[in-house]
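Here are my notes on this one, point by point. Have it open in your viewer as you read.

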Amino acid sequence: PEFRGLGIASALTHQALRFAKAKRAWQVWLQVNDNNHAAQKMYEKLDFELVRKVNTWAIEDGRANLSEYFDLPRGNQVLPRKFWEWGKHKQWLLECYPADTRWYATVNFSAFPPTYPGLLNWDDPSRLSHFSLHQNEKLNGILTWQQGLPRTDYLWLALQESPLENEQAYLLLAHFLQNEWEQRSIKVEYPENRAEETFLRLGFKHTRKLNWMKLRDA
């Protein structure tokens, strides 16, 4: 604490930016906790701008808020993703997890297409399972379950932003918790102000909010 407010963080960031420029970086990004207001102000002074905010939700105690038995309403089905559903899946993934910050994710998004040669992906020990939500035979969302990581599984939710997003997220996540979940810790990263009602309803805890900031004209 006695070294705060002396310009050390600013000097370090300036040096990092000089290093990035020397390496001919064409973009510079950073992430900062939403509640770290002092750091955000410093980054803004250094010409970083806020691009997006992402929430992390988690169930870490093996318990979810789910009725004793959850059943999908009439007209709804959750099925393994089909080959021809990849087009919509890709579109919704890009909306929920933009390409410019995917380098940070725990998952390899190039492993999501149905033709991906997973057996050749030696450096990725995780396994991906995809579940599609159909409402009256219309595809309305896809949930991906990432297994194989130490301690925690990840879920990747691909939905179109709409007034029905909370309902669709609830059906996918509740079906997963009822039928697939193995009571391991699970985490979900999802954009701010989207499906938050559903996460809270199902017993997910909000663990952090990250602000993605980008250097102007880097």
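1. Let's begin with the strands. Strand 2 and strand 7 run antiparallel and are joined by 6 bridges. One spot to look at here is Thr-56, which stands opposite Glu-189 in strand 7. Keep in mind throughout that this is a predicted model.

2. Strand 2, residues 48–59, also pairs with strand 8, again in the antiparallel sense, over 10 bridges. If you want a place to check the register, take Arg-52: its bridge partner in strand 8 is Trp-212.

3. Back to Glu-189, since it does more than face Thr-56. Its side chain meets that of Arg-208 in a salt bridge, 3.9 Å from N to O. Arg-208 belongs to strand 8 (residues 205–215) and Glu-189 to strand 7, so the contact ties together parts 19 residues apart in sequence. On the acid side, Glu-189 has a relative accessible area of 11%, so it is buried. Arg-208, with 30%, is partly exposed. The salt-bridge cut-off is 4 Å, so I'd keep the 3.9 Å of this pair in mind when you read the contact.

4. Salt bridges in general: the structure holds 9 of them. The pair Asp-153 and Arg-184 comes in at 2.4 Å, N to O. Asp-153 sits in strand 6 (residues 152–158), while Arg-184 is in the loop between helix 4 and strand 7 (185–191), so this bridge ties together parts 31 residues apart in sequence. What about burial? Asp-153 is buried, at 2% relative accessibility, whereas Arg-184 is partly exposed, at 27%.

5. Next, Glu-165 and Arg-194, whose closest N and O atoms are 2.8 Å apart in a salt bridge. This one also links distant parts of the chain: Glu-165 is in helix 4 and Arg-194 in the loop between strand 7 and helix 5 (196–201), 29 residues away. Are the two partners buried or exposed? Glu-165 has a relative accessibility of 4%, which counts as buried, and Arg-194 is buried too, at 6%. There is a network to look at as well: salt bridges link Asp-47, Glu-49 and Arg-216.

6. Helix 4 deserves its own point. The helix covers residues 165–179, 15 in number, and reaches 21 Å from its first C-alpha to its last, close to the 21 Å expected at 1.5 Å a residue. How many of its residues are buried? The count is 11 of the 15, so helix 4 is largely enclosed by the rest of the structure. The buried set includes Glu-165, Gln-168 and His-175, alongside residues such as Leu-171, Leu-172, Leu-173 and Phe-176.

7. That leads to the largest nonpolar core, which has 43 residues. Which members touch the most others? They are Leu-157, Phe-176, Phe-199 and Phe-204. Several elements supply at least two residues each, among them strand 2, helix 3 (86–96), strand 4 (127–135), strand 5 (138–147) and strand 6. Helix 4 gives the most, with 8 residues.

8. Now the rings. There are 15 aromatic pairs in the model. Tyr-154 and Trp-156 are stacked, at 5.9 Å centre to centre with 15° between the planes. Tyr-190 and Phe-199, on the other hand, are edge-to-face: 6.1 Å between centres and 65° between planes. Tyr-154 and Trp-156 are both buried, and the same goes for Tyr-190 and Phe-199.

9. Tyr-154 and Trp-156 also belong to a cluster, where ring pairs link them with Tyr-97, Phe-109 and Phe-112. Phe-109 has a further contact: Arg-102 lies over its face, 4.2 Å from the ring centre.

10. Last, a charge over a ring on helix 4. Tyr-170, one of the buried residues there, has the charged end of Arg-201 over its ring, 3.7 Å from the centre.

Technical notes
Residues numbered from 1 in each chain as written. Predicted model: local features only at pLDDT ≥ 70, side-chain atom pairs only at ≥ 80, totals over all residues. Heavy atoms only, no water. Phe/Tyr/Trp six-rings, centres within 6.5 Å; stacked < 30°, edge-to-face > 60°. Buried < 20%, exposed > 50% of the residue type's maximum accessible area, 1.4 Å probe, protein only. Lys NZ or Arg CZ within 6 Å of the ring centre and 35° of its normal. Helix = DSSP H or I, 4+ residues; strand = E, 2+ residues; numbered from the N terminus. Expected span 1.5 Å × (residues − 1). Pairing = 2+ DSSP bridges. Core = buried A, V, L, I, M, F, W, Y, C linked by side-chain atoms within 4.5 Å.
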